[in-house]
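Visitor: Could you take me through one part of this structure up close, and then show me how the rest of the protein looks around it? I'd like the greasy bit on the outside, please.

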Amino acid sequence: MAEYDINDILSTPIIDVDETKWKPSDKIPLINKEIEQVKAEMKTFLQNSDFDIASILREGKELIIESKFLIMEMEGCKNQIEEETLKEIMHSMENHDIIGKELECVNFTLNILNDVLQIGNFVKEFDVGREFQSFVKAVEAVSDLMRYIEEPAEGVQDLLLFDSTKNTAHLILDNLIHDMFEQWDRMIVYSSDPGPESTIIKINITLDKTLSTLDVLKALDKCGKLLEKVTQLAQFILSEVLIPIIHYDCTVFAETDELMTVTINYRDNFKPPYFDVITNLRLFFHYLSNRLNVIILSIGEPIITMIGRLISEEFRDILVNDCLIDTIPNNINDLQIYGKITGEIEDFQRFLYMVKFSHDEDFTILNYINNIDVLFAAKSSQHFLETARSIMMKDLSVSMSIGVENIPVNSIDDEKSEDEMIEQGLDVFYKTIPKSLFYFPRCMISKSAQELLDLVYIVMEQAVQCSDVVSKKLYNTARLIFELYDAVVPYHHENFLQNIPQYVALFHNNCMYLAHNLQTFGDKWLTLMEGREVDYAIGFVDLVPKLRELGCRHLAVHMQQQRKQILDNIRTSDLNCIVVKDVLDDNAEAAVRQCLRQLHLLKNVWIGVFPSNVFIRLMATLINMFIDELIHRVCTVEDISMEMAAQLNEMYSLVVQKVPQLFPDEIDVNTYVKSWIKLQELVFVLGGSLRDIDLHWGDGAGPLARHFTTDELRSLIKALFQNTQFRANLLSKIK
């Protein structure tokens, strides 16, 4: 049959795709014609085909009939099976259920009997173990029994003997553990006998490698109690023996091979040296190694190693932090020979491994050496701070003389140079920075201040020899020493600084002396550090004003106290009652003399202690305040009797006579005491006449006019002299 070409079919004149106006009725005849043509072609194709189509159809019909017959036979067989064999199957299933239930009952009973029998066997094994005095066999039997009881077969727990057997098993195990603990406590006995001055520790270990000993140890291990007892022993050894050996004066003595005695002596402020600690530890660990070197096969290591696993790390940390850290030196010279000490510590470390206390060959005590620079820096810093603190707490009155008597003035005559520009530069330098800046005036300071400064120089010299880490730490320590001075000295010497003028003077000088040295201390440090790169600024100039302010503050407080004493002396006497009295009592003169004695005492204490210029200014300040108060007492009174004027003249004349003696040079009083001339003029007025006053007034050009205001002088004349025409004329001149 020829294949159809769709394009040929579409190209037939039945339907023209380009035709738009057509009807279905017009096309139906054409379609029918085409169908008839296709049928004819199909018949022709079938007739010419190689296959007999009719035979094939006939055989297919015969197969269909035969298949239907077979289906009917199978349906018959199925019905026959269902009717005849189903009854037999149901009967067999009923018999199977009955037999299964009977089998379950038999198995249930068999399991119960088997568990009961097994429990009996375990009890028998326990009895055998006890009979042969074998803790291991007894513990194994009881342990098996306990495990069996914990997972019993179904129905066993309902038996009357189950609860009693379970309770008995627990009781037997408890008794076994108790007996083994007694054996342990018999083999390892330790006690502590504390006292107020000493504690005696005794350890008696009779462990050996006999079968009975190994039997107890294995049995304890099997029931899980060996670690508990070893832990108790380890904690006792650590807390009662090892730690006291590290912290206290101890004597370790092996009285016998089995008995070790450790005597701990309590001594105030005592810390044993490291070599004594290591010696005692060697003796003790050697004893433990001899007595506890019993290997338990199930664990695979001796008891001393078990103890080491439990406490070795804590023991190492305490040994390092509380003992070996202290061996680190605080100066660079000792640090350079520190290898000898580390060698001894390394030997002790190997010894711990040899006696099997340390379970790992990599166990090390020397880890702290990795940070030797940091530890050395901390140790040095602590040492220098403690030394500085002890120096600061020394008596301030133990003094010494320092400084130059005459500070040289600026001069470049002795520094001639051929270069005119250099001479000009030096001239500008000396005008900008006076030569006196580098000199300290002659005075007294505490020896402790010089010791403190010497200590800081030692810190500096050590810092420049060390690594950068240590150098930076020591630099900060040097600064901290001066900050500590601000905190310690005023607090520790507080009572003396409040009451004793000499202490105040020395403390003031100490602060100024330290501040003076700090001005150039940073430059000296940098000079010694030349060639090294540092990542921090080096300088002490910022501490200079703090130290100066510290000394000035305490001196100012003491000056206020002296001022208050002087003013209190005057104000509690009749000088405070001039207005209401005609004659002064003796206490007025006594008050003035007391003030002069106080100033004279200050002179004796301060002269030679303060620099001369400071002493003169301090005395001048107090004297000027004293004189101002005396002048004020007179100038504010409206009426002064003749008798009182004579008394005041006598007392104030005494002041004029005594005050110049308070200065190294009597003429200093004219220069530094501002009210000195005014006091002299007041004495003149108190003892003079109106005519004398008129002459000293000098029409406003005399000494009275220079030192008294017109109001003060007019008030004073009115208080001293009666109202006469001459007084009125004089008052009219004073305007």
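Guide: Leu86, Ile89, Met90 and Met93 together make a nonpolar surface patch of about 380 Å². Bear in mind that we're looking at a predicted model. Leu86 sits in helix 3, which runs over residues 53-131. With a relative accessibility of 45%, Leu86 falls in the partly exposed class, because that class lies between the 20% and 50% cut-offs. As for the spacing along a helix, an α-helix has 3.6 residues a turn, so residues three or four places apart point the same way.

Now zoom out for the setting. The protein has 27 helices and eight strands. Of its 735 residues, 39% are buried. The protein exposes about 42,600 Å², and carbon and sulfur atoms supply 54% of that area. If you take the contacts with a separation of 6 or more, 74% of them are between residues 24 or more positions apart.

For a contrast with the patch, have a look at helix 27, residues 725-733, where Arg727, Leu730 and Leu731 are buried. These three cover an arc of only 100° around the axis, so they lie on the same side of helix 27. What do the buried residues of helix 27 pack against? Their partners are helix 24 (690-697) and helix 26 (710-720).

Another buried spot is Ala645, in helix 21 (residues 642-658). Its relative accessibility is 7%, so Ala645 counts as buried. Leaving aside residues up to four places away in sequence, Ala645 touches Ile640, Leu686 and Leu720. There's also a sequence-versus-space pair to check here: Ala645 and Ala719 are 74 residues apart in sequence, yet their C-alpha atoms are 9.7 Å apart.

Last, the cysteines. The disulfide count comes to zero. Take Cys511, which is in no disulfide: the nearest cysteine sulfur belongs to Cys552 and is 8.5 Å away, whereas a disulfide would need the two sulfur atoms within 2.5 Å. Cys511 is buried, at 0% relative accessible area. Cys250 is buried too, with a relative accessible area of 8%.

So, back where we started: the patch is made by Leu86, Ile89, Met90 and Met93, and its Leu86 is partly exposed, while Ala645 is buried.

Definitions and conventions
Residues are numbered from 1 along each chain as its sequence is written. This is a predicted model: local features need pLDDT of at least 70, side-chain atom pairs count only at pLDDT 80 or more; totals for chains, interfaces and linings use all residues. Side-chain values use heavy atoms; hydrogens and water are left out. Helices (H or I, at least four residues) and strands (E, at least two) are DSSP runs, numbered from the N terminus. Buried means under 20% relative accessible area, exposed over 50%, partly exposed in between (1.4 Å probe, protein chains only). Contact means heavy atoms within 4.5 Å. Accessible areas come from the Shrake-Rupley method with a 1.4 Å probe; for residues, only the protein chains shown count as cover. The arc is that of the directions from the helix axis to the C-beta atoms. Patches are made of residues with over 30% relative accessible area and no salt bridge: like charges are joined within 9 Å, nonpolar side chains (Val, Leu, Ile, Met, Phe, Trp, Tyr) within 5 Å. A salt bridge is a side-chain nitrogen of Lys or Arg within 4 Å of a carboxyl oxygen of Asp or Glu.
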